[in-house]
Structure formats: structure tokens, C-alpha cells
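Okay, thanks for coming, everyone. Let me put today's structure up on the screen, and then I'll walk you through it piece by piece.

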Amino acid sequence: MRLGSERTRLAVAGARSVTTADLGNQPRGDVVRGRIFWALLLLAISIALLGLAVLLIDVLIDGSERFGPGLFTDQVSGIPENGGFQTAIIGSLWVIGGVILFSVPIGVGAALYLEEYANRERWWNRLVELNIQNLAAVPSIVYGILGLAFIVRGPLDLGFVALAASLTLTLLILPTIIIAAREAIRAVPPSIREGSLALGATRWETTRLQVLPAAIPGILTGVILAVSRAFGEAAPVLLLGATTFITANTTNPFEDSYTVLPVQIFNYFGRAQDEWLQLAAAGILVMLILVLAMNSVAIWLRNRYEQRW
Amino acid sequence: MEARDITTSSRLAGEPPLRRLEAPSRRYGEKLIQGLLGLCAAISVAVTTGIVISLIEPSLGFFEQVPIGDFLFGTDWTPSFQPQSFGVLPIVVGTLSVTLWGLLFAIPIGLAAAIYLSEYASPRVRKLLKPTLEVLAGIPTVAFGFFAFAFVTPFLQDIWPGFLGQGPNIFNALAAGLAIGLLIVPIIASISEDAMSAVPHGLREGAYALGASRMRVSLRVVFPAALSGIVASIVLGVSRAVGETMVVLMAAGNNPQLTLNPVEQIQAMTAYIGTTATGDIGTGTIEYDTIFAVGLLLFVLTMLMNLVSIRLVRRYREIYE
């Protein structure tokens, strides 16, 4: 008996040592290559983060000179010491207010249709889907051309006003909102819908009372990210009259000329002397604070309320 | 219909009347809502149609005056001064040059960052880095343009080694390209990481069980399995780079030259549209119509890239349980 167990112990120990020796004995080349690979990966992600950090620090250093309450209280000026961003900030608020008003109902509506109602067998529904994927990749300046041809002039003929910018930017961010909202809606498990339908709720009742509430955090994240993109977007608005030199604040988005923060920054930047560059950097700082705050809230929301069903 | 027949016919005398299962009314409200939601979705198609019409109509006017061959293959781009010449190649090459430098920076860095986050980083590190990258992906492009002009260009001028010849111009393609590269790194990294994380663990464990090293698992198992997502992220990065306006406008200059030399001043297609549209050019003139012709070219280019990407993604998609 004793002898047998002793033998088993020896056999087990022997087998174990042979196995570990065999498994632990990776070829030297593999170990070295693995280390180098790991170091390269670490280097790459450090370069990415360092680059973005340098960007933030550079703007911070250049902009801190001029950063202060004057940015919010002073209007556009011909002298760098007197220049501020009040008109531009107010213009941005009008434009973004409009964007939220238009893009949220349309975007969420389209997403609900595609996820809850559309029959994927029908060619028109597939067309809509493919089309939205394509629209998401269209350069923003092309939307500017669209806005110029259809909204500022052409059929809508609104002129160079804040409302035209709102409508154009709405079209720009709609695909982003639709794609994000669809993902959030798709994440709601079918059993919830089936339960609701089985209890006699209609399709819309199910959508409104069960699916939508469950998908709200995801939708909100998508909406905030998209709106913050619209806020920082300058290229399409360049074509929509936001570069006009204006001295009065916009009070009527249907009639007054306007400008927005990123375009005003670009305008100051274009005047090329160092004082103007500092003013532009201060403006970028204001914009960065707002945009990064919005995005942080959005990402936090998603991570906080993300549900695994 | 059939269900009702069964319920009515199988009713026996003396039983209480069965409740009908259909809704008591025709539910017009439901239909209305479905219609409204469908309308929201249809707006996207209207937008595409609108884009195409708004681009094609003035472009047709343009191509009546400039032969399409001269436009696509001409090498002189001087639409706004005499003698006018409408060869679009210099600004197309300008865009390609900036995109090329951007991608040379962004693809290796973005993919390496994605592999690190998905395969090497501890859960704690990933939980910190992934959201950081996503937040940074939202930095407005005006900030990148400013950064390219006020930091990258002076930096390149400082470190430019003499044997490479003339240092970078105050406006140059390289600085703009690098800034755009930095702009698309978070996009590529984030989407590729999603694709890599979605690769099922069984595949990795199988490879480890066969004695593969972590590097081998990352490169030979996870990378190919996630290829469709990786391709999609790169194509999205390319279309962002091609369509990027503010960075090239602020840092690459406005001097159309047919060159791939990274230190030279160039003009990109988007920068041409931006500058010309904000200048004081009257509607109806041929300079004005040029904006639309260039816009059309830009639209067609990005559209083609995106369609190819959708194809590729379908082709390489591996479906796992």
C-alpha cells in the first residue's frame, strides 16, 4: 500500500516536471520576438496618446494668454486686444439648438422604423439602410454644398441665416444618430417585446413603453456625440455664410446673419499675426472644454447604464 | 382569418361567448405612426438625392464649358485667374498626398493601439484608455488645424535633417497629413478594437492550447478573424482624411502644385471648395460652378470607397456564435 502510493507520487511529480519543462521551454527567438512586439505596441499607443496630449497642451499654452471672461463678453473686433467670441457663441447656441430640435426626433424615428417596423425583405428598406451607411461617409463639406444649393438658395431659399446652418448640420449628423440609435434599440432583447405583445399591447405601445425606455441611454450617448460633432464642425458652415463679418448678436435665427464658434476661430486664425493666433487658441480652448465635457458625459452615460441582458 | 373561423365554429351551445382576439378597431393610429416613422427613414434617401442633384446640375453647366477630359487629366489648376485652366489633377494629388502621410502615420499606430487594447492591456488599463480615446475622437478639426500650423510645422522645421534638402514650408502637406493622421488614430483604434474584442475566446484558447505565443495569437488568430472590422475602420479613416477640410485649409496652404513632395505647399480639393466658396465670387460664373464639379468628384470618390468597403466587409466577415 505505502509502496504503491509512493510510486504514484513519484510518477505524478515526474510527469509534471516533464510537462512544465516542455511547455515552459518556448524557443528563445519566440520570447525575444514577443517582447519586441509588446514594446512596439506600447510605443504605438504612447505615440497616439502623447500626440493628442501635446495638442491639448499646445492649445492650452497658446490660449492661456488670452483666456478669460473677455472671450465671452467681447464681440468681433479689428483689434486683437478687444476681440472676443460673444457673437460666435450666441450664434453657435442658436444653430445647435436647432440641430437638437430637428435631428433627435427624425433620427430616433428613422431608427425605430428600421429596427421595429421595417421588413428587411423589401428592397426599399434595404435601400434606406445602404443609403444611411453611405451618407455617414460623405465629407462634411459636401453637405455644405447641399445646404448652399437647397437650403440657402434653391427650393427653401432661406438665405444666409442660422436656421439654414441648423438644417444642414442636422442632415450631416442624422446618419450618425440613426446608426447609434439603431444599435441601442437592437440591444434590447426580443423577449421584452414578445412579453409586451403577448399581454395585448400594440406595436407602438410596445415600442414607446418598453423598447424606447430601455434604449434611452444608448440613444442619448449617440445623440450627444453627434451634437458635439455638429458644434465643432466648421467646414460646411463656411459655405453657408457664417464667415460674414458681423458686429451684432444674432437674435432671430430666421433672419439675422450669424457666425459660429469654430468659424470665428478660423477667421481669427486667418489674420496670421501672433496676437490673433493667441485669440484663436483661446477660442479653441473654450470649444475644447465644451466638446470634451459633452463627450465625457456621453461616454460615461454609456458605460454607466450599459445593460447586459 | 382562419383562426376566427375555428373559434366561432367550435363554439358549443351554452358556453359564454368567446372574446375576439383582434383589436376592436382598425388601429389607424398605429398605421399613422408607422407611416411617420417610415417618413423619417425616407428623409435619408431624400438627402442623398438632394446631394446628387445639387452637385450634378451646376456641374453639367461646368462641363459644357470645360471638356470632362481636360478637367480630369489636366495638370494646371488656375480657375480664378487668367489664363483660366481647369485641370483638376494638382488638387487631387494634393488631397492624395495629405491622405497618404496621414495614413502612413495612422494605420500602424491605430492598429497597434487596437491590438494592445484588445490583447495585451489589463482590464483596468483598457477601461481607462478606451473611453479616453473615444472622448479624444471628438476634438474639433479646427483644433487639429491650429495644432498642425502652430506646433507640427515649426517642430518639423526644427528637426528637419539637412541631407533631405529644403526644410518644410510654413504651409506644407506633411504637417497637415500628420495632424489628420492623429485625428483618425482614435477612429481606427476604437473600431478595430471593437472588432478584435468580438472575436470569440474559444479561438484564442485553442491557439494557446496548441502552444502559440501571445504575439502569434494576436497576429495569426485574432487579426484575421477581425479583418472585416479592421478594413471597415481603415476605409472610414481614409474617407475622413480625404474629406477633411479645416486641417488642410489651415496648414497645407492654397497653392495648387502637382507634387507629392511633403514639404511643399499644396492645395487639397476640400481646401479649394472652402476658399472659393467663402471668397467673393458671383453665382453663375464658371469659377462658382467649379466648386460643384470638385464637390462632385469628392463625393464620387468617397462613395466608391465606401461601397468597396461594404463589399469587403461582407466578404471577410466571419460569423461566430
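**A walk through two chains**

So, let's begin with chain A, which has 12 helices and zero strands. If you read its elements from the N terminus on, you get α-α-α-α-α-α-α-α-α-α-α-α. Now, how does its radius of gyration compare with the globule rule? The value for chain A is 28 Å, and the globule rule gives 19 Å for 309 residues, so this chain is more spread out than a compact globule. Before I go on, please keep in mind that this is a predicted model.

You can get a feel for that from the box around chain A: along the principal axes, its C-alpha atoms fill roughly 100 × 60 × 35 Å. As for burial, 45% of the 309 residues of chain A count as buried. And look at how the chain meets itself: take the contacts in chain A between residues at least 6 apart in sequence, and 75% of them join residues at least 24 apart.

Chain A is also split into two domains, with domain 1 covering 2-64 and domain 2 covering 70-305. How many residues does each domain put into the contact between them? Domain 1 of chain A gives four, and domain 2 of chain A gives seven. On the domain 1 side, those residues are two nonpolar, one polar and one charged. The C-alpha centres of these two domains of chain A are 44 Å apart.

While we're on this chain, here's a little backbone detail. A:Asp157 has a phi near 50°, which is a positive value in a residue other than glycine. You'll find A:Asp157 in the loop between α6 (140-152) and α7 (162-186) of chain A. Is A:Asp157 buried or exposed? It has 10 C-beta neighbours inside 10 Å, and the cut-off for exposed is 12 or fewer, so A:Asp157 counts as exposed.

**Over to chain B**

In chain B we have 13 helices and two strands. Its radius of gyration is 28 Å, and the globule rule gives 20 Å for 321 residues, so chain B is also more spread out than a compact globule. Its C-alpha trace spans about 100 × 65 × 30 Å along the principal axes. Of the 321 residues in chain B, 47% count as buried. For contacts in chain B between residues at least 6 apart in sequence, 73% link residues at least 24 apart.

Let's zoom in on a couple of helices. α2(B) has 38 residues and reaches 55 Å from its first C-alpha to its last, close to the 56 Å expected at 1.5 Å a residue. Where does α2(B) bend? The place is B:Ala41, and the bend there is about 25°. B:Val52 sits in that helix too, and with 15 C-beta neighbours inside 10 Å, B:Val52 counts as partly exposed. From B:Val52 to B:Val222 you go 170 residues in sequence and 40 Å in space, C-alpha to C-alpha.

Next up is α7(B), residues 173-197, with 25 residues. This helix reaches 35 Å, close to the 36 Å expected at 1.5 Å a residue. There's a kink of about 35° at B:Ile184, shortly before the proline B:Pro186. And α7(B) is mostly covered, with 22 of its 25 residues buried.

One more residue before we leave this chain: B:Pro256, in the loop between α11 (246-251) and α12 (269-278) of chain B. B:Pro256 has 26 C-beta neighbours inside 10 Å, and buried starts at 20 or more, so B:Pro256 counts as buried. Which residues does B:Pro256 touch, leaving out those up to four places away in sequence? They are B:Trp77, B:Pro90, B:Ile91, B:Gly94 and B:Gln267. B:Asp76 is 180 residues away from B:Pro256 in sequence, and yet the two are 8.3 Å apart in space, C-alpha to C-alpha.

**Where the chains meet**

Last stop, the contact between the chains. Chain A puts in 75 residues and chain B puts in 66. Which element gives the largest share of the chain A side? Helix α2 (residues 28-64) of chain A does, with 19 residues. By class, the side of chain A that touches chain B has 54 nonpolar, 15 polar and six charged residues.

That's my tour. Thanks for listening!

How values were computed
Residues numbered from 1 in each chain as written. Chains lettered and ligands numbered in written order. Predicted model: local features only at pLDDT ≥ 70, side-chain atom pairs only at ≥ 80, totals over all residues. Contact = placed C-beta atoms within 7 Å. Helix = DSSP H or I, 4+ residues; strand = E, 2+ residues; numbered from the N terminus. Nonpolar A, V, L, I, M, F, W, Y, C, P; charged D, E, K, R; others polar. Domains from an automatic or database assignment. Rg over C-alpha atoms; globule rule 2.2 N^0.38 Å. Expected span 1.5 Å × (residues − 1). Bend = angle between axes of the 7 residues up to and from the residue.
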